[in-house]
Amino acid sequence: RLCDSSLPGPTPADGPQFTGINWGDHWTTPEPYDGIDVESFCIERCSTDKERQRIRDEMSELSSRGMVPVLRHLIYCVDSWRASNVFWGVGRGSSVCSLVLHKIGINRINPMEFDLDLSEWLK
């Protein structure tokens, strides 16, 4: 069990019930989103070779951190929000440093226009 109500107070994120869990197994992203090639999805939305290379570089880093399931779920969320006319912000904090998040639609700020480095998001 991830949550044990018999334990008093807040549960620390490094508690025993959280260790050894592959969090990617717990995303409930529906098809066809669960099978999306995120890199191709983003590259199709690029207009320059420089943007395409930045997507490749970011995806390499994000893949190495096991974030691809999260990115697939975010594509599903953005499509669902748009279909339901839900408004979300233009971008917030260091997440605007990711061109991948921009191409997915999470942020409306293109980090390349402001020379923002992905490392600012992934500190």
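A residue is called buried when its relative accessible area is under 20%, exposed when that area is over 50%, and partly exposed in between. In the predicted model described here, R54 is buried by this criterion, and so is E58. The side chains of these two residues meet in a salt bridge, with a distance of 2.7 Å from N to O. Both R54 and E58 belong to helix α2, which spans residues 49–64, and they are placed 4 residues apart, or about one turn of the helix.

The protein chain as a whole contains 4 helices and 0 strands, so that its pattern, read along the sequence, is α-α-α-α. Of its 123 residues, 33% count as buried. Among the contacts between residues at least 6 apart in sequence, 55% join residues that are at least 24 apart. As regards confidence, the average pLDDT of the protein chain is 87, and 80% of the residues score at least 70. Among the elements of the chain, the highest mean pLDDT, 98, belongs to helix α1 (residues 38–43), whereas the lowest, 95, belongs to helix α3 (residues 68–83).

Salt bridges were examined next. Side chains of opposite charge can pair when their charged atoms come close. The count comes to 5 salt bridges in this model, among them the bridge between R54 and E58 already described. In another, the side chains of R65 and E61 meet at 2.6 Å, N to O. R65 has a relative accessible area of 45% and is therefore partly exposed, and E61, at 30% relative accessibility, likewise counts as partly exposed. The surroundings of this pair can be set beside those of R54 and E58, both of which are buried.

A further salt bridge links R45 with E44, where the closest N and O atoms are 3.8 Å apart; the distance falls inside the limit of 4 Å that defines such a bridge. E44 is exposed, because its relative accessible area is 63%, while R45, with 38%, is partly exposed. R45 also takes part in an arrangement with an aromatic residue, since its charged end sits over the ring of F41, 3.5 Å from the centre of that ring. R45 is thus described both by a salt bridge with E44 and by a charge placed over the ring of F41.

Helix α2 also contains R56, which at 36% relative accessibility counts as partly exposed. When residues up to four places away in sequence are not counted, R56 touches E39 and I43. The C-alpha atoms of R56 and I43 are separated by 8.2 Å, although the two residues are 13 residues apart along the chain.

The aromatic rings were considered in the same manner. A pair of aromatic rings is described by the distance of the centres and the angle of the planes. The count comes to 2 aromatic pairs. One of them is formed by W81 and W88, whose ring centres are 5.1 Å apart and whose planes make an angle of 50 degrees, and this pair is classed as tilted. The class follows because planes under 30 degrees apart count as stacked and those over 60 as edge-to-face, with the rest counted as tilted. W81 is partly exposed, because its relative accessibility is 28%, whereas W88 is buried, with a relative accessible area of 12%. The ring of W88 has a charged partner as well, for the charged end of R108 sits over it, 5.5 Å from its centre.

R108 is in turn one of the residues touched by H102, which contacts N107, R108, I109, N110 and P111 when residues up to four places away in sequence are left out. H102 is found in helix α4, which covers residues 99–104, and at 18% relative accessibility it counts as buried. The side chain of H102 reaches the backbone oxygen of N107 at a distance of 3.2 Å, so N107 is linked to H102 by a polar contact, for which the limit is 3.5 Å.

Finally, P69 has its place in helix α3 and is partly exposed, with a relative accessible area of 25%. P69 and D25 are 44 residues apart in sequence, while their C-alpha atoms are 8.6 Å apart in space.

Key. Residues are numbered from 1 along each chain as its sequence is written. Side-chain values use heavy atoms; hydrogens and water are left out. pLDDT is the predictor's confidence in each residue, from 0 to 100. Helices (H or I, at least four residues) and strands (E, at least two) are DSSP runs, numbered from the N terminus. Buried means under 20% relative accessible area, exposed over 50%, partly exposed in between (1.4 Å probe, protein chains only). A polar contact is a pair of N or O atoms within 3.5 Å; within protein, one must be able to donate a hydrogen and the other to accept it, and residues adjacent in sequence count only if both atoms are side-chain atoms. Contact means heavy atoms within 4.5 Å. Rings of Phe, Tyr and Trp (its six-membered ring) pair if their centres lie within 6.5 Å; planes under 30 degrees apart count as stacked, over 60 as edge-to-face and the rest as tilted. A charge sits over a ring if NZ of Lys or CZ of Arg is within 6 Å of the ring centre and within 35 degrees of the ring normal.
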